[in-house]
Every structure is written in structure tokens, then in C-alpha cells.
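Reader: I'm new to this one and would love a close look at a single part of it. Could you pick a spot where two pieces pack together and walk me through it?

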Amino acid sequence: MQFQQLQYFVAVAETRHFTRAAEVVHVAQPSLSQQIKALERELGADLFLRARGNITLTDAGEALLPLARRILADADTARQEVQELAQLRSGRVRLGATPSLCTGLLPDVLRAFHDRYPGIRLLIEEGGSHDLVRELARGALDLALVVLPLPPPSPALTTVEVLREDLVVVSSPEAPAPGGGRRTVDIPDLEGERLVMFRHGYDLRELTVAACRSAGFEPDFAVEGGEMDAVLGFVRAGLGVAVVPRMVAARSGRGLRVTPLARPGLARTIALAHRSDVAPPRAARELQRMLLER
């Protein structure tokens, strides 16, 4: 009994027509008929009652059909499992993340992933949540680390919360400390401070500006338009203060004064997102697991 013969048998049983079955399995009809006859000889029983325009299963055919379907399904499962294992030896993962997460969260996780799966290429795209959501929607990314809530209108995405991160104020040790040098500062203490501000579309910009306006004042920008590394560099140079994630401040604390925000402070929620209508490839799912278990 050959695997191909079972495929042909199931095709005829489902279409009840030899010619249509041959089209389904992409083989010439005489070849299909010959293989079915060979299978019947092997089993020692007719599988079909053949009458002009009417093909029906015999009792032997009825008994074989669920077994044949199970064998074919098991073979397909085995093929998928092997292919997925192969995907962990080669291939790629396309991950989007905000620059602050590339600086803070990702280095340790990506190093662990690369150590475990050295054959997988990691393609990282930095951008704000708006940009990353758009790239997910058009299929340019497998996964993205974004800030919740997602910007409206957003495509159908599945999100899983990864972490909730506090924000802190960073300043140059050579400049006067914000808030008069207290151990913590309140958002109203930033009134009168020159802020080093991220570019438009950056989640941290929108969060900081909204917090200042809620406190009743319009923020004063010393410099604006930078990415994370530029903002930290400008702060070190004494151009102003900035509000950044605690994790970034901890990694980049050299040459910076870090002052926590007083309760309730500011925080952001980071989630891992992918398209709801497309399952991420196996390698991307493995990276997702490692991010969630970090």
C-alpha cells in the first residue's frame, strides 16, 4: 500500500468521480485509475462500485476511508512539525520595536535567542508605535513591541502585555537638579525646565506633553526632534532635561542624573503585537515566548 494510492482513494471517495478526483490531485485520470486498481489488488477487495455516472463506496471502501484520512492527516502533521523544526535552524524573524526598547529591553533577550538559534537572522526595525502598527498591517513585520493603547484606527492585531515601565527624569549632573534637588520630582516641577524632546510620532513625546498639559502648563522645549540616543546625548551636554523609561536610564546612566517621578508618576504599558489573521512563523513564536518569559 502506497501513500499516494491513499491520496487518490480519498480524492475519489470525496468527489465520487474519477476525472474530477484526478484534477484534484493533479494527475492524469488513467494513472489515477491504475493506482486505485493496484490498491484494490493489494487489499484483496473492491473499494468502489462503478456504474455509469455513479461511483459509490463498497463496505471495504467505507471501512478504509476514515483510516486513510487519518493516515494522510498524520503525515501532514509530521511534515508541518519537521518544517517548523527546520525553521528554527534557518530563516528570519522581523521584529519592530521603539528605540527605547531596543536600548533597554531587547539586548539581553536577543542575545539569549541568538545563542539558542544561531541560524535565525534577526531583522530589527525601530520606530514609534504608529509606524510599527502600520508595518504590521502591511505584513512587513512578524512581531512588534508597541505602547498601549494602540493608536486609532488600528488594524486587527493580537496584543499580549509584556511589561509596565515607570518613566524617570534625566538631567546632566553639571546642571541644577530638577525640582530643587529633591529625591523625587512632580510633573508640575517640570514647568520652567527646558525639555529635550523626542520627534513627533514618538510615544514618549505624546505621553510627556499630555502630562504637562494636564498639570496646567505648556512644556518648554530646548531641543526637539531627536531619537533616544540623540536625546540622551543632548541631556548629557546640559541642554535640558528629558523624561525617559527607567530601563533606558539604568542602561545609559553614565553621565546622567536620574530622578524618579513622585507618585503616581508616569508609566507606559508595552505589549507584543502581531496580526490576528496571520499566525507568526515558528521562529517568531519562539522569540515571543522568550520575551514573555524574560
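Author: Sure! Keep in mind that this is a predicted model, so a word on confidence comes before the close-up. The chain has an average pLDDT of 89, and 98% of its residues reach at least 70. Confidence is highest in strand 7 (residues 194–198), with a mean of 95, and lowest in helix 5 (residues 99–104), with a mean of 80.

Now for the packing. Let's look at helix 6, which covers residues 106–116, and helix 11, which covers residues 282–293. Two packed helices are described by the angle between their axes and the distance between those axes. Here the axes come within 10 Å and cross at roughly 130°. Angles over 145 degrees would count as roughly antiparallel and 65 to 115 as roughly perpendicular, so helix 6 and helix 11 are oblique to each other. Their crossing is right-handed.

Who does the touching? On the helix 6 side you'll find L106, V109, L110, A112, F113 and R116, and facing them from helix 11 are A283, E286, L287, R289, M290 and L291. Sort the residues of this contact by type and you get nine nonpolar and three charged, with no polar ones.

While you're browsing, two loops hold cis peptide bonds worth a glance. One runs from L148 to P149, with omega near 0°, and P149 sits in the loop between strand 5 (143–148) and strand 6 (157–171). Another runs from R263 to P264, with omega near 5°, and P264 belongs to the loop between strand 10 (257–260) and strand 11 (267–275).

Notes. Residues numbered from 1 in each chain as written. Predicted model: local features only at pLDDT ≥ 70, side-chain atom pairs only at ≥ 80, totals over all residues. Heavy atoms only, no water. pLDDT = per-residue confidence, 0-100. Helix = DSSP H or I, 4+ residues; strand = E, 2+ residues; numbered from the N terminus. Axes fitted to C-alpha atoms, helices over the stretch in contact; angles between N-to-C directions. Parallel < 35°, antiparallel > 145°, perpendicular 65-115°, else oblique. Left-handed = near helix turned anticlockwise from the far one by under 90°. Contact = heavy atoms within 4.5 Å. Nonpolar A, V, L, I, M, F, W, Y, C, P; charged D, E, K, R; others polar.
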